[in-house]
Amino acid sequence: MSEEPREKAIRSSATAPHEAPPHRSGEAHHHHTHAANSRHPGHHHLLQVEGLSAAFEMYAPGAPFFEAERRLVPVIRDVSLGVHEGEVLAVVGASGAGKSLLAEAIMGIAAPNERIVGRIWFDGELEDEAGIERLRSREIAFVPQSIACLDPLMRVGEQVRGIPRGKGAARKADVARRIERQRELFRRYRLDESVERLYPHELSGGMARRVLLCCALVDEPRLIIADEPTPGLDLQLAEAALADLRAFADEGGAVMLITHDIELALAVADRVAVFHDGTVVEETSVASFASPELLRHPFSRELWHALPEHDFAVASRSVR
Amino acid sequence: MVRFILKNLLKACLLVVVVSFVVFCLVDLSPVDPVQANVGQAAYLTMSEAKRAQLEAYWGAGEPLPVRYGRWLAGLLQGDLGMSLRYNEPVTQVIAERAAPSLALLSIAWAGSGILGFVLGVGAGMAERRWPDRIIRGWCFVMTSIPSFWLALILLMVFAVALGWFPIGFAASIGVASADVTWADAIHHLALPAICLTLAGVAPVCLHTREKVVEFEAGDVAGFAKLRGEGPWQRFWRHGLRNVALPALTLQCASIGEIFGGAVLVEEVFSYPGLGQAAVTAGLGSDVCLLAGIAVVTALLVFGGNFAADLLYGVIDPRMREARAAKRAARGGVLGWLVNRPEDYDEPLPDAGEVERGGSA
């Protein structure tokens, strides 16, 4: 144990519970157990979320028009979860349970009538609002679920490059870097050079998915949050999409995969956070889904029973 | 493209025939007796029976409608719009004289209300529900509730009568020969009617733009841009402007008719000698040839506006270009094959229905 993490904790003016001495693999600590490749460089998680809640301020439903009172309707309640470097954490929950809102809340995006409270550490630093804003697109990148998120009137290449930063010469250098990076990513993901001149509606399903991933990777993030990256894709494309995310994690990045598909989550992820009723009820390694006795929460066991094969084993992770 | 233009030319011709026929029918149904209306009450009463019959023949009051309309249409084919009985000049000449001041007024009001409305709409939309939005929206609601002639009267009372900044009417100073009118004088006379029409036309495009900006900000594209760390104005310049400007431009092109309608009233209030004022004179005097001529010119102006919007959409929106190309491909032929890369056939066009709807709106 070095002195470094303690110094960091002091600088961030609050001591996170997880800044305590390092824990052994498999040991349960703040609500979760580890998977084999969950790593703690510097004895902390890359992303740690504690007590995150989001509520919408709205008029009471059903009340008479002029007498309706404003009240807070909670959608996310006291969520805690952590993502380690080198792993894929799948957040699994039913459609419409607020998983996408969770992703937005973590990235500090709130609707005008939304109130968010909670604490977020990134790389051991407690972040305030400005810190989270700085993290967006630099350290944390988002992969949306569909091509509808791209500007229909802008060529794909320019959208992947994003907005250059800095002023004057620095800006020019950043523009050049972004063009270079975009071409490099296109080569890596087998996208033809002519694709950068296309408009979003001209992309095929497989191309669109890779373009969205390139958008996220252009800023060389350390954490990718992917929101339902597979619906609408056929099995082959879905597997390719997951393989790309897996590869990002295997190279040392971290992935938070949001999905309603438990089978898919078990196939690609290292750990699973079960999202139910607006909160994470259990955060555990994929291995725990081998048998219902290893799962602590009733809803997780329900998920286990919903699987087509009950003897689901770790072996089927070979999909990656 | 040739087919597209031919189709629209045919539509324009049909429009001219229908509009002029409706004008002839309406004038025929109108209770205004052209002879009585044009010679004056006292002269009419003291006039001899023979003189009256002669005048009636001159005005063509005795002829049945189909004959009159047929003659006018035949003349139109030779480029002759007939004689204006009120002005005692060929209709083409009356329209030509009055088109210049009217077009100046219309184009200033059109561009002015478009730009001002768009800028205000963007400002309101970006500040949704905050005080700039409330003020701009409130102002728009007030402006839509005010009739343009009333606004013209108020502007006249304040800026022409009380403050004396602008002349109270006409297109040039009284007593100046039309050849001697200076540009400065013309602009000075044009200013107040133009301001009035501009203000009256701001509200629709402003409210429409605001709605589109709010819609864009709440949409997936802006949401993703936010998540990529783009600030509000950054994402507006990068994505919002293009997506919002298109529908605003279409709306503004389609609103030429409304602005012309406003111009008729505003020209009356300011005694501004434009097409609008001529239309009122022609209508009240049963000068059917002049009225039909003005109606046709106006209809073509509005048609041209919509046609321009259609063309612009095709130039700016890549999805629209694609839809046209696909249509051509569906028709087959070498041209269709050339404009479509083979891989385009693999997938149906996304949003093709929406693009089609947008184009016809």
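This report describes the domain contact in chain A, the interface between chains A and B, one helix of chain B and the salt bridges of the model.

The structure is a predicted model, in which local features need pLDDT of at least 70 and side-chain atom pairs count only at pLDDT 80 or more, while totals for chains, interfaces and linings use all residues. Residues are numbered from 1 along each chain as its sequence is written, chains are lettered from A and ligands numbered from 1 in the order in which they are written, and side-chain values use heavy atoms, with hydrogens and water left out.

## Domains of chain A

Chain A is divided into domain 1 (4–139 + 221–319) and domain 2 (146–220), with bounds that come from an automatic or database domain assignment. Their contact (heavy atoms within 4.5 Å) takes 13 residues from domain 1 of chain A and 12 residues from domain 2 of chain A. The size of an interface is often given as the accessible area lost when the parts come together. Between domain 1 and domain 2 of chain A, the buried area is about 1,000 Å², and carbon and sulfur atoms give 56% of this area. Buried area here is the accessible area (1.4 Å probe) that two parts lose on being put together, summed over both. On the side of domain 1 of chain A, the most area is lost to domain 2 by Arg138(A), Pro221(A) and Asp244(A), which together account for 45% of what that side buries.

The two domains of chain A are joined by 2 salt bridges, a salt bridge being a side-chain nitrogen of Lys or Arg within 4 Å of a carboxyl oxygen of Asp or Glu. There are also 2 residue pairs in polar contact between these domains, both residues being at pLDDT 80 or more. A polar contact is a pair of N or O atoms within 3.5 Å; within protein, one must be able to donate a hydrogen and the other to accept it, and residues adjacent in sequence count only if both atoms are side-chain atoms. Helix α7 (residues 235–250) of chain A gives the most to the side of domain 1 that touches domain 2, with 6 residues. Helices (H or I, at least four residues) and strands (E, at least two) are DSSP runs, numbered from the N terminus. The residues of that side of domain 1 of chain A divide into 8 nonpolar, 1 polar and 4 charged. In this classification, Ala, Val, Leu, Ile, Met, Phe, Trp, Tyr, Cys and Pro count as nonpolar, Asp, Glu, Lys and Arg as charged, and the others, Gly among them, as polar.

## Salt bridges

Over all chains, the count comes to 32 salt bridges. The table lists four of them.

| Pair | Closest N to O distance |
|---|---|
| Glu251(A) and Arg188(A) | 3.3 Å |
| Arg222(A) and Glu85(A) | 3.2 Å |
| Arg183(A) and Glu196(A) | 2.9 Å |
| Asp270(A) and Arg246(A) | 3.1 Å |

Asp270(A) lies in the loop between α8 (262–268) and β9 (271–276) of chain A and Arg246(A) in helix α7 of chain A, so this pair ties together parts that are 24 residues apart in sequence. Asp270(A) is buried, at a relative accessible area of 2%, and Arg246(A) is buried at 1%; buried means under 20% relative accessible area, exposed over 50%, and partly exposed in between (1.4 Å probe, protein chains only). Salt bridges that share partners also join Arg165(A), Asp174(A), Arg177(A), Arg178(A), Arg181(A), Glu184(A), Asp219(A) and Glu220(A) into one network.

In the pair of Arg222(A) and Glu85(A), Arg222(A) is partly exposed, with a relative accessible area of 29%, whereas Glu85(A) is buried at 18%. For the pair of Arg183(A) and Glu196(A), Arg183(A) is partly exposed at 29%, and Glu196(A) is buried with 9% relative accessibility.

## Interface between chains A and B

The interface brings 27 residues of chain A into contact with 23 residues of chain B. About 2,400 Å² is buried between chain A and chain B, with 61% given by carbon and sulfur atoms. Leu153(A), Ile163(A) and His201(A) lose the most area in chain A to chain B, together 30% of what that side buries. The count between the two chains is 0 salt bridges, but 8 residue pairs are in polar contact.

## Helix α10 of chain B

In helix α10 (residues 220–227) of chain B, the buried residues are Val221(B), Ala222(B), Phe224(B), Ala225(B) and Leu227(B). Their cover includes β6 (140–143) and α6 (205–217) of chain A, together with α9 (183–218) and α11 (232–254) of chain B. Just after α10(B), Gly229(B) takes a positive phi of about 90°.
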